[in-house]
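Please work through the exercises below with the sequence and the model open beside you, and try each task before reading its solution.

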Amino acid sequence: MAEATTTEQPELPATTRPVATVGKATGSVVRAYAPIAVVGVLAALLPLHYGDSRSMMRLIIGGVLFAAYVVGFNVIFGSTGQLFLCVGALAGLGGYASAILSDRSGLPVVLALLVAGGLAAVVGGLLSWIAVSRSLGVIFTGIVTLAFSLAFHNLLLGQRDLTRGETGLVVDAGSDSFLGERVPPYYALLALVLAYLVIHRALQRSRVGWAFRALRDDEIAAELTGVDVKLYRVLAGVLGSAMIGLAGALYAHTEGFISPSTYAFGEVDVRVLVMLAFGGIGSLLGPVIGSAAFTALDEWLASSNEYRLIIYGAVIVVLFLGFPQGVAPSVHALVQRLRRRTSGARRRN
Amino acid sequence: MLEVVELSAGYLGENIVHEVSFSVAEREVVALIGSNGAGKTTLFRAICGLLPPSRGTVVFDGGRITGRRAHAIARRGLAYVPADRHLFPDMAVSENLDLGAYPHRPARERRQLVFDLFPRLAERSRQAAGTLSGGEQQMLTVGRALMANPRLLLLDEPTTGLSPRLAAEAYAALGALRNHGLTILVAEQQVPLALQLADRGYVLEDGRIQLDGTAAELGQNPDVQRAYLGIA
Amino acid sequence: MKAVVLDGLVLGLQFGLLGVGLTLVYGLGGVLNLAHGQLAVLGAMVVALRMDAGSPAVLAVLTGLAAAGAVGLLLDRTLLQAVYRRRGESRVLLGLLLMLGVAFMIEGFLVWRYPIESLRLRIGGDPVDILGVGMRTGSLLASAIAVGTGAALVVFFRLTPLGKAVRSVIQNEEGAQLCGVNPAMVRTLVLALSGVLAALVAITRSMTSPVPVDAGIDLTILALIVAVVGGLGSVSGAFLAGVLLGIVNTVSAHYIGTYVTTIVLLGAAAVTIVLRPSGLLGMGRE
């Protein structure tokens, strides 16, 4: 299994290292969050290049959306090892709940979003709680969450009065605001992702993060040193699910149209798994790296829809066989090793 | 029959057994004495193939078996009777026994031999192994090992969980087997029984052989007496 | 009502057979074969292609079964070796994910090359009257094959030395090794067998309704539900669960609806895991 060590973010080039005058503590805080800021700035520049193309904007909106999903999944699976095969369902819960609440009950979009995110958090927390109180291992947690995912999909299809079933739901609320335009939704979702990354980073540096690492390493030892494993697992489940649900809800309003296939297992969970595995399970920026890589890959494969599935399958096999830590961390480690070797050689000369 | 040379083995990179060397000649009964945690089970597991040794060699019946897999070693005639039995709980006593003879079938005569040796098992031959008492399970484990007509029998603390009477019975059975020509290596914490049966013995502590000698010599040894025989 | 139940029984026998393959592989090595459905479809597609090419039905069926078995064998000898090298949850997770990848590769390949292919075996003859219900010959033959295979499996596992050797590895792998049983060989054999069983289910299914090329995922989910409810690792449990769930399936689909039916089946699996993880006849171990 991929060890969920919280790998440090890639080393910063000398120019961005903070100056010591501000004080060591602040320096380390800046160091910790700087990569997120770097990612944010770079990502914010993308629309300057692609802003005119509707299809490109849709693509990168999809990319940021999935980055958000993967951060949430990372919090649940990367931090506490719970195999939640229901990311799509949680996102769909958020999406449909928010759409139905705002369109049918006239709830303001912001409120609907919060309620939808909260609903996903409750459901996710419940799933976590069940898994934890019945001591379900990886397989059973995976099966139960998969069953939930499929059942939810069928629920969406079956409850046609509420969800319009297979034909999909038009989401009116919010479409007349900035969310309905071409570029702003990207920034909305990007802001969400950056917020999630900040939360994840803060978590990693806090006592909670320490508890996560402890229980991931050796559950019994963690329990003996006073870490309430059950509580932390449920916490991770609640938080991650909230992230996923909120992202799914926001997407519904920006897209203006959702259907059960938007949030299906094959559409969401498969991609999320592969993205996280590639980027590094448990790492901070892994979700971003993975999402960027596979959004690009999807675009490249878009013309050949047929063997997209074959490629995904092959990628999964190769990834989990050859790069249990994820491709990105392995490459990073390799670069570190080369660096050490060349600097050592230089010193000898 | 069995020659162990400089064998080291352990788990997760840490050796528990360090450079152990000893031998067992054909038709001998050799006792391996040591307290809990001395490394007896680790040593046995390394010999019979359940644990890959980190160093050293094991030669059995003229052939090197170091690092070979357990089922291959079992088929060569080295039968291991583990302390934690490893029986098949949902299969009947007779089925467990038959599996012991797996590579060589048919097994009816051997089974009768085992039943003669352990009449209790004959009574319960159709019972599921998981429902047997501790002592009966122990007997079944020994019986299963005998089904393959082994050349060498490795027993890991066969008296665990047995009442003194059953333990004596078990050793009586082992004595009978020895008289039939079976070579036996037995690891024991209950030293008096083992020394009674054995020709020679080794003392294993902290993963190393500390003493060796004939059973009589070991029995007279003051350190052995103090540590294992409860004689101050 | 009788007709519905009988239909459910016919379906249930196939469900059972489907679950058996999956549960065996899990019981042996802790690998959850998420490509089970795809192996079934692979076998069915080979049969369809051979028949398209003019091969007689029986020969085509044998070819399909052999193909599925061969792929199973190949998977065990190659990819799964990496999985078996690990222990505990690490093994379970890797096995699950690798087989998911394999499932995508197989399905992707089949859908890509033969997007409109499907298997339909028409069995000639008039409907036969069973308990007052007219059963189509296709259903009867499918049921007969399922029952026959089930009986053969029972005989194999309970009475033959090799079958007992397989059970011994499931019940205690180290003990089996000490008896001279080679667990790796047993695992390869069983994975090949499960491939054959999966294909057999698809083929018998095609006797009552066509099996399309993208049926893999549904079959895998079904196999999973049956295996979980029956108790992972228990062959008789899978059969029992299969029959029960088959009847539940048809009754529910007939009187309520398809979406609810799927939810009911999924719920059965979830409830089993939460309330009684060892399933109906499982061995009460993890």
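Buried means under 20% relative accessible area, exposed means over 50%, and partly exposed covers what falls in between. The model is a predicted one.

**Exercise 1.** Classify the two partners of the salt bridge between Glu173(C) and Arg187(C) by their relative accessible area, and place them in the chain.

*Solution.* Begin with the pair itself: the side chains of Glu173(C) and Arg187(C) meet in a salt bridge with an N to O distance of 3.3 Å. Next, locate the partners: because Glu173(C) belongs to helix H8 (residues 173-178) of chain C and Arg187(C) to helix H9 (residues 183-205) of chain C, the pair ties together parts that are 14 residues apart in sequence. Then apply the cut-offs: Glu173(C) has a relative accessible area of 24% and is therefore partly exposed, whereas Arg187(C), with 9%, is buried.

**Exercise 2.** Determine which parts of chain B are tied together by the salt bridge of Arg200(B) with Glu28(B).

*Solution.* The closest N and O atoms of Arg200(B) and Glu28(B) are 2.6 Å apart. Arg200(B) lies in strand S9 (residues 200-205) of chain B, while Glu28(B) sits in the loop between strand S2 (14-24) and strand S3 (29-33) of chain B, so the pair ties together parts that are 172 residues apart in sequence. As a last step, Glu28(B) has a relative accessibility of 13% and therefore counts as buried.

**Exercise 3.** Decide, for the salt bridge between Glu136(B) and Arg124(B), whether each partner is buried or partly exposed.

*Solution.* The side chains of Glu136(B) and Arg124(B) meet at 2.6 Å, N to O. The pair links distant parts of the chain, with Glu136(B) in helix H6 (residues 134-146) of chain B and Arg124(B) in the loop between helix H5 (119-123) and H6 of chain B, 12 residues apart. With a relative accessible area of 7%, Glu136(B) is buried, whereas Arg124(B), at 24% relative accessibility, counts as partly exposed.

**Exercise 4.** Describe the setting of His253(A) in helix H10 of chain A.

*Solution.* Start from the helix, H10, which covers residues 229-255 of chain A and contains His253(A). Its relative accessibility is 0%, so His253(A) counts as buried. Finally, leaving aside neighbours within four places in sequence, list the contacts of His253(A): they are Ser98(A), Ala99(A), Ser102(A), Val109(A), Leu113(A), Val171(A), Ala173(A) and Leu179(A).

Methods
Residues are numbered from 1 along each chain as its sequence is written. Chains are lettered from A and ligands numbered from 1 in the order in which they are written. This is a predicted model: local features need pLDDT of at least 70, side-chain atom pairs count only at pLDDT 80 or more; totals for chains, interfaces and linings use all residues. Side-chain values use heavy atoms; hydrogens and water are left out. Helices (H or I, at least four residues) and strands (E, at least two) are DSSP runs, numbered from the N terminus. Buried means under 20% relative accessible area, exposed over 50%, partly exposed in between (1.4 Å probe, protein chains only). Contact means heavy atoms within 4.5 Å. A salt bridge is a side-chain nitrogen of Lys or Arg within 4 Å of a carboxyl oxygen of Asp or Glu.
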